[in-house]
Amino acid sequence: MFHVGAAPIMAMAAPTRFSSIHPRWLWIAVCGEAALIFWMSHRTWKGATARWPSGFGNLMHLVTFGTLAATILVAGRRSGFDSRASARWAMIGAMSWGLIDEVHQFFVPGRAASVADLCIDACGA
């Protein structure tokens with residue numbers, strides 16, 4: 001808080017493009033993204049990976065879980081958590097969902113759980 005004369009002036013944060021979105025909608029977006037990841041990992045993708053360039057799957061893991069972490073981060077900040085707590089929970093949340101995703105893939109026919117995929121998910125977070 002700054003003081004000019006006797007009247008205090010509050011330092012205002014610059015508005016962001018997410019400042020008009022209610023935090024509830026951001027948390028709904030987090031849940032929707034997590035559901036999309038779960039649905040995508042439930043598919044078998046037979047033959048599809050042969051058409052992808054080498055490393056494309058790893059890139060998609062990075063982007064997907066990076067996006068999930070970013071969405072959690074924004075939702076946390078808009079919910080009133082400080083930057084450090086939001087970043088910590090975004091990382092923990094995305095990494096935890098990566099672990100749940102890998103366990104889920106273990107039980108899906110035609111899919112396999114991989115520690116390497118879990119590490120890539122963590123790097124994306």
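The following paragraphs go through a predicted model, from its overall fold to its core, its surface and some single residues.

Because the model is predicted, local features need pLDDT of at least 70 and side-chain atom pairs count only at pLDDT 80 or more, while totals for chains, interfaces and linings use all residues. Residues are numbered from 1 along each chain as its sequence is written, and side-chain values use heavy atoms, with hydrogens and water left out.

The secondary structure consists of five helices and two strands. Helices (H or I, at least four residues) and strands (E, at least two) are DSSP runs, numbered from the N terminus. Along the sequence the order is β-β-α-α-α-α-α. Of the 125 residues in the protein, 24% are buried. Here buried means under 20% relative accessible area, exposed means over 50%, and partly exposed lies in between, with a 1.4 Å probe and protein chains only. The protein exposes about 8,500 Å², and carbon and sulfur atoms supply 70% of that area. Accessible areas come from the Shrake-Rupley method with a 1.4 Å probe; for residues, only the protein chains shown count as cover. Among contacts between residues at least 6 apart in sequence, 69% join residues at least 24 apart, where contact means heavy atoms within 4.5 Å.

The largest nonpolar core has 10 residues: Leu26, Val30, Ile37, Phe65, Leu68, Ala69, Ile72, Ala75, Ala90 and Ala94. Helices α1, α3 (56–78) and α4 each give two or more residues to this core, and α3 provides the largest share, five residues. A nonpolar core is a set of buried Ala, Val, Leu, Ile, Met, Phe, Trp, Tyr and Cys residues joined through side-chain atoms within 4.5 Å. One core member, Leu68, touches Val30, Glu33, Ala34, Ile37, Ala94 and Trp97, not counting residues up to four places away in sequence.

Among the partners of Leu68 is Glu33, a residue of helix α1 (residues 23–42). Glu33 counts as buried because its relative accessible area is 15%. Leaving aside neighbours within four places in sequence, Glu33 is in contact with Thr64, Thr67, Leu68 and Thr71.

Phe38 also lies in helix α1. With a relative accessible area of 35%, Phe38 is partly exposed. Outside its neighbours within four places in sequence, Phe38 is in contact with Trp97 and His104. The C-alpha atoms of Phe38 and His104 are separated by 8.0 Å, although the two residues are 66 residues apart along the chain.

Helix α4 spans residues 83–106 and includes Leu99. Ile92 lies in helix α4 as well. Ile92 counts as partly exposed, at 39% relative accessibility, and its C-alpha atom is 8.6 Å from that of Ala69, 23 residues apart along the chain. Leu99 is likewise classed as partly exposed, at 46% relative accessibility. On the surface, Leu99 joins Val103, Phe106 and Phe107 in a nonpolar patch with about 460 Å² of accessible area together. Patches are made of residues with over 30% relative accessible area and no salt bridge; like charges are joined within 9 Å, and nonpolar side chains (Val, Leu, Ile, Met, Phe, Trp, Tyr) within 5 Å. A salt bridge is a side-chain nitrogen of Lys or Arg within 4 Å of a carboxyl oxygen of Asp or Glu.

The loop between α4 and α5 contains Gly110. Gly110 is exposed, with a relative accessible area of 65%. Gly110 and Arg43 are 67 residues apart in sequence, and 8.5 Å separates them in space, C-alpha to C-alpha.

Ser114 is in the loop between α4 and α5 (115–124). At 25% relative accessibility, Ser114 counts as partly exposed. Its C-alpha atom is 9.0 Å from that of Val103, 11 residues apart along the chain. A polar atom of the Ser114 side chain lies 3.2 Å from the backbone nitrogen of Ala116. The backbone nitrogen of Asp117 also lies 3.2 Å from a polar atom of the Ser114 side chain. A polar contact is a pair of N or O atoms within 3.5 Å; within protein, one must be able to donate a hydrogen and the other to accept it, and residues adjacent in sequence count only if both atoms are side-chain atoms.
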